[in-house]
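Thanks for making time. I will go through one structure this morning, from one end to the other and then across to the partner chain.

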Amino acid sequence: MIEELGTTEQGDLVINLGPQHPSTHGVLHLVITLSGETIRKVEPHLGYIHRSIEKMCESLSYRQFIYVTSRMDYLSSHINNHGCALCVEKGLQIEIPERAKVIRVLMDELTRLASHQLWWGAMAMDVGALTPFFHAFRERESINDIMEETCGARLTMNYMVPGGVMADIHPNFQKKVKEFVRYFNTKIDEYDELVTDNIIFKSRMKGIGYLSPESAVSYGCTGPTARGSGVSCDIRKLYPYEVYGRVSFEEVIDGGGDCFARYNVRMQEMRQSVSIIEQLIDNIPEGEFQAKTKAVLKLPKGEFYSRVETARGEFGVYIISEGGTTPYRIKFRSPGFSNLSALDHMARGHKIGDLVAIMGTLDLVIPDIDR
Amino acid sequence: MDVSPQNTGNKPFPGEVHPTAGGGILVTRLDEVINWARSNSLWPLVFGTSCCAIEMMSTAAAKYDWSRFGFEVARATPRQADVIIIAGTIVNKMAPVLKRLYDQMADPKYVIAMGACATSGGPFFYNTYSVVKGADHVIPVDVYVAGCPPRPEALLHALISLQEKIRSGGS
């Protein structure tokens with residue numbers, strides 16, 4: 001039920017935040033009930049960027065529907081494409097070449113880094129520090145350059161296709177990635193010096209927006225949001241896909257449950273991503289980058305589900321096929337939607353200024369929520 | 001396309017409205033001075049609905065740095081903004097909000113449709129029930145930018161084209 005704006009019978013103030021508001025990271029609309037400055041209730045309203053992607057997918061073939069999925073969670077577009085490609089491959093029962101697997105994982109981790117960098121800049125901006133935004137984008141541009149060389153796009157890649165990847169990596173790819181890793185290893189310490197150890201930042205983050213492990217599970221939170229509450233939920237570890245089972249990395253878990261724990265998880269994840277890239281970049285096997293597939297893909301009748309770990313959490317693709325060239329129904333399980341549902345629980349009792357910090361650590365991407 | 005003043009000169013933009021004759025030399029010269037001043041201090045509204053907003057942030061950030069051309073004062077409220085960059089898809093639920101934002105802006109106000117979605121619906125033109133097929137169904141647009149999403153250079157080009165348009169008296 002939509003509460004009316006104004007004053008309630010108890011004297012609480014009901015106000016709008018968004019859909020046009022710089023700290024909602026897009027067009028999220030929150031109706032907030034306030035008692036003084038203390039939050040009584042937060043009600044998210046969705047649909048301001050609902051583009052009916054699931055319905056669109058029903059009229060697109062299994063090769064075509066990949067491109068709309070990179071426009072859902074555009075900050076981890078590679079990983080979205082990856083999830084869809086995995087699901088189609090599962091239906092077709094094809095094994096992709098080893099080279100494609102390694103390239104996919106490398107691209108996934110680069111995307112995760114780019115996404116976390118952007119989150120770090122935007123989050124620091126939300127709590128009032130403007131400089132980190134420029135630092136984060138400086139490093140993000142080097143990843144964008146690497147992506148552009150190989151995939152031809154900076155943001156919405158459509159690089160992973162059923163059967164492998166669209167094209168082979170650029171001859172400069174390995175050199176540039178190594179250069180970037182060397183450069184970024186020095187910068188990530190700078191990030192910590194600039195923001196993590198900042199006393200003002202810590203006091204804005206610590207003890208704010210507590211989410212217990214039980215509530216994280218019951219709200220269906222995944223990704224850094226749940227791992228910040230001490231719940232182990234990394235799909236890369238629990239249900240390894242591609243070559244994740246063979247690389248050594250740690251699932252970052254912080255039991256703090258507050259904003260600072262979620263922040264910390266993402267910062268540590270960046271280091272883990274760098275370590276995965278370092279392990280794989282010199283070990284890209286030779287061979288084909290795409291398996292031989294038919295020109296027109298037809299999935300057998302049945303239901304298929306696959307999941308991947310995006311920068312925000314578990315991304316699931318559920319395809320129901322009637323045996324034709326287009327899916328009968330597609331359902332995307334986006335991490336942002338479930339993470340957003342915990343916002344009300346986390347924000348109650350805090351001041352309105354803290355709401356922005358809590359939303360920042362949830363790392364919301366609104367088209368991912370609305371689809 | 002080269003948009004430096006030597007190349008575009010005084011060529012009219014397509015659809016340009018020519019001022020009617022009759023103003024004295026003093027008034028027309030004054031107009032030019034005002035247009036020059038307006039074109040060099042455009043304050044954009046922070047308005048991004050989807051992917052294009054990230055490229056808009058890239059344009060604002062370190063590498064592309066739109067403050068070189070006088071756009072760095074991005075405002076969060078429409079009442080202080082001069083130009084609205086529609087960065088992303090406009091859906092039916094968002095359209096009234098966009099119209100309201102435009103109405104709240106003070107004159108003179110300018111609109112840039114960034115990317116395929118804001119221009120025509122783009123990748124969401126077919127098979128969708130909720131997308132507005134171009135932001136120009138809702139508010140008038142001055143400059144369109146192609147791309148999905150456009151590169152930061154393309155957005156810079158659009159912003160410089162808008163400056164040219166304002167200076168030429170066409171907007």
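In chain A, strand β1 and strand β2, residues 13-17, run antiparallel and are joined by two bridges. One partnership to look for is A:T7 with A:L13, the latter in β2(A). Bear in mind throughout that this is a predicted model.

These two strands belong to an open sheet of four in chain A, ordered β1-β2-β3-β4, with antiparallel pairing. At the edges sit β1, 6-7, and β4, 38-45, of chain A, each pairing on one side only.

Now the chain as a whole. Chain A has 15 helices and nine strands. Its radius of gyration is 21 Å, close to the 21 Å from the globule rule for 371 residues, so chain A is as compact as a globular protein of that length. The C-alpha trace of chain A spans about 65 × 50 × 35 Å along its principal axes. Of the 371 residues in chain A, 52% are buried. As for contacts in chain A between residues at least 6 apart in sequence, 69% join residues at least 24 apart.

Next, the domains. Chain A is divided into domain 1, residues 6-45, and domain 2, residues 53-209 + 279-370. Between the C-alpha centres of domain 1 and domain 2 of chain A there are 30 Å. Their contact involves 15 residues from domain 1 of chain A and 16 residues from domain 2 of chain A. On the side of domain 1 of chain A that touches domain 2 of chain A, the elements giving two or more residues are β3, 29-35, and β4 of chain A. Which of them gives the most to that side? The answer is β4(A), with six residues. Sorted by class, that side of domain 1 of chain A has seven nonpolar, five polar and three charged residues.

That brings me to the core. The largest nonpolar core has 149 residues, and those touching the most other members are A:I358, B:I84, B:I86, B:I112 and B:M114. Helix α4 of chain A, residues 98-126, gives the most to this core, with 15 residues. Why does the core lie between domain 1 and domain 2 of chain A? Because both domains, 6-45 and 53-209 + 279-370, give residues to this core.

Take A:I358 from that list. Leaving aside neighbours within four places in sequence, A:I358 is in contact with A:I208, A:G209, A:C259, A:L343, A:M346 and A:A347. A:I358 is one of the buried residues of α14(A), and the others are A:D354, A:L355, A:A357, A:M359, A:G360, A:T361 and A:L362. That is eight of the eleven residues of helix α14 of chain A, residues 352-362, so this helix is largely enclosed by the rest of the structure.

Straight after α14(A) comes A:D363, with a positive phi, near 55°. A:D363 is in the loop between α14 and α15, 366-370, of chain A. Is A:D363 buried or exposed? A:D363 has 27 other C-beta atoms within 10 Å, and the cut-off for buried is 20 or more, so A:D363 counts as buried. Not counting residues up to four places away in sequence, A:D363 touches A:W119 and A:R312. A:E242 lies 121 residues away from A:D363 along the chain, and their C-alpha atoms are separated by 26 Å.

Now chain B. Strand β3 of chain B, residues 110-114, has five of its five residues buried, so this strand is largely enclosed by the rest of the structure. In a regular strand, side chains alternate between the two faces of the sheet. Here both faces of β3(B) are covered, with B:Y110, B:I112 and B:M114 buried on one side and B:V111 and B:A113 buried on the other. Strand β2 of chain B, residues 83-87, runs parallel to β3(B), with five bridges joining the two. B:I84 has B:V111 in β3(B) as its bridge partner.

Last, the two chains together. Contacts link 30 residues of chain B with 27 residues of chain A. On the side of chain B that touches chain A, α3, 51-60, and α4, 95-104, of chain B each supply at least two residues. The largest share of that side comes from α3(B), with five residues. By class, the side of chain B that touches chain A has 18 nonpolar, eight polar and four charged residues. I will stop there and take comments.

Conventions: Residues numbered from 1 in each chain as written. Chains lettered and ligands numbered in written order. Predicted model: local features only at pLDDT ≥ 70, side-chain atom pairs only at ≥ 80, totals over all residues. Pairing = 2+ DSSP bridges. Core = buried A, V, L, I, M, F, W, Y, C linked by C-beta atoms within 7 Å. Buried ≥ 20, exposed ≤ 12 C-beta atoms within 10 Å, placed from the backbone. Domains from an automatic or database assignment. Contact = placed C-beta atoms within 7 Å. Nonpolar A, V, L, I, M, F, W, Y, C, P; charged D, E, K, R; others polar. Rg over C-alpha atoms; globule rule 2.2 N^0.38 Å.
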